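Welcome! Please take a moment with the sequence and the 3D view below before reading on.

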Amino acid sequence: MAEGGFGTGEPVAHRTRGALEELPRSATISLHQSPAGNFDNNTSWSATVNLPSSYLSPTPSPDELVIRDRGRRSLPLEWSPIPIESPIKRQTPIKRSPTKGMIILRSSPRKRLQLTDTPSKDLLENRRRLMQMSPILKKCRSLTVSPSQSPPEVAIKGLSQNQLVDVLNHVLTSHPELKDEISNILPQPDLKHMEEKLNQQKKCIFKSLPVSRLASKTDSPAYNKASPHLTTFKKAIIEQCGQLVEAEQWMSLVDYSLLAWSYVRATPIWDSVQHNNCRRACFKTLSTHCLQGLKNVPWTHEQLEKLLKKLEQCRSDHEEMQQCIEHVRTVMSNQV
């Protein structure tokens, strides 16, 4: 209980306030009346309030007066989902860094070139003059060498096979009397480059086989590795045979068939019967072309005997070689 008042025994309640509580200040209002006159129209009252200086609003600054003079922002009569921006924001847009999803369109003040525009005649003439006076064309002209400057036996080395054929056809057409002379000096086709290609393809087949002793070299996994090289090997045989048939070199075709037969025989024999289809197809192609070459050449008896021995050695690899053997025997019997 709190202590009592002065000279009394009655308890008195304590009065407490906050540490920062503002002390109350008396506010007085004084009213002043204007001089006597017409009270209806000329009556005015003035009030003076004695308040703290913090309660009174300060005088507005010049910037605030300008803002007040602008007035409130006028709203549109019709509602639009597009937000209204102030003219200040429109004049000074905020630069933002482009993101991945944004596409920036560059607007250039230049005039875009349209495909429908046709250049003027003066512009075309100027371009032609520049092209004629360009140093690049002069340099190219000085570097080019006409074929007449080099002898034909040297220039012919840089020609392809088709170009050589065209040149020879042109010469034979202009001078038909040279056909017999050229046919007598034409050599047999060189089969060395064909044999080198077959040997290279055969090496690729054996390189693709597994090296480990524990793995089989004739099973299905080994065939899958060598299958692309077997296909290339088969295509090479077909192309080379077709090249000799197109040139009508029948003796060379028979020689090539017996030469390529040995390379096909050297390819691996696979465990699965289906995997040996490529091998059988190569044998069939060679035997067919060999028979075609035998029918188109007038062989001598000695040549037929040599061919018969080679053909009998190939009979065990494929049954179609028997047709070539029978044809050779028939020709030999007719010659006797």
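This report walks through the core, one helix, a few single residues, the cysteines and the salt bridges of a predicted model.

## The nonpolar core

A good place to begin is the inside. The largest nonpolar core holds 43 residues, and those touching the most other members are Leu-198, Phe-233, Ile-237, Tyr-256, Leu-286, Leu-294 and Leu-311. Six helices, namely α8, α9 (220-247), α10, α11 (277-295), α12 and α13, each supply at least two residues of this core. As a general background, nonpolar side chains tend to be buried together in soluble globular proteins.

Let us look at one of these members, Tyr-256. Leaving aside neighbours within four places in sequence, Tyr-256 is in contact with Leu-191, Met-194, Leu-198, Ala-236, Ile-237, Gln-240, Cys-241, Leu-244 and Leu-286. Among these partners, Leu-198, Ile-237 and Leu-286 also appear in the list of core residues that touch the most other members.

## Helix α10

Tyr-256 is one of the buried residues of α10. The others in that list are Trp-250, Ser-252, Leu-253, Val-254, Ser-257, Leu-258, Ala-260, Trp-261, Tyr-263 and Val-264. Where do the buried residues of α10 pack? They pack against α8, α9, α11, α12 and α13.

The length of this helix can be checked too. With 16 residues at 1.5 Å a residue, α10 should span 22 Å, and its end C-alpha atoms are 23 Å apart, so the two values agree.

## Two residues to compare

Is Gln-201 buried or exposed? Gln-201, which lies in helix α8 (residues 192-207), has a relative accessibility of 13% and therefore counts as buried. Beyond residues up to four places away in sequence, Gln-201 touches His-229, Thr-232 and Phe-233. Phe-233 is also one of the core residues listed earlier.

Glu-248 sits in the loop between α9 and α10. Its relative accessible area is 55%, so Glu-248 is exposed. The C-alpha atoms of Glu-248 and Gly-293 are 8.9 Å apart, although 45 residues separate the two along the chain.

## The cysteines

How many disulfides does a search of the whole structure find? The search finds 0. For Cys-241, the nearest cysteine sulfur belongs to Cys-282 and is 9.5 Å away. Cys-241 is buried, with a relative accessible area of 0%.

Cys-290 also counts as buried, at 1% relative accessibility. Its closest cysteine sulfur is that of Cys-324, 4.2 Å away, which is too far for a bond because a disulfide needs the sulfur atoms within 2.5 Å.

## The salt bridges

As a general point, side chains of opposite charge can pair when their charged atoms come close. In this model the count is 2 salt bridges. One of them joins Asp-317 and Arg-265, whose closest N and O atoms are 2.7 Å apart. Asp-317 lies in the loop between α12 (301-314) and α13 (321-335), while Arg-265 is in helix α10 (residues 250-265), so this pair ties together parts that are 52 residues apart in sequence. Asp-317 is partly exposed at 25% relative accessibility, and Arg-265 is partly exposed at 36%.

The other salt bridge is between Arg-329 and Glu-312, with the closest N and O atoms 3.1 Å apart. Here Arg-329 in helix α13 is linked to Glu-312 in helix α12, 17 residues apart. Arg-329 has a relative accessible area of 40% and is partly exposed; Glu-312, at 32% relative accessibility, counts as partly exposed.

Definitions and conventions:
Residues numbered from 1 in each chain as written. Predicted model: local features only at pLDDT ≥ 70, side-chain atom pairs only at ≥ 80, totals over all residues. Heavy atoms only, no water. Salt bridge = Lys/Arg side-chain N within 4 Å of Asp/Glu carboxyl O. Helix = DSSP H or I, 4+ residues; strand = E, 2+ residues; numbered from the N terminus. Buried < 20%, exposed > 50% of the residue type's maximum accessible area, 1.4 Å probe, protein only. Contact = heavy atoms within 4.5 Å. Core = buried A, V, L, I, M, F, W, Y, C linked by side-chain atoms within 4.5 Å. Expected span 1.5 Å × (residues − 1).
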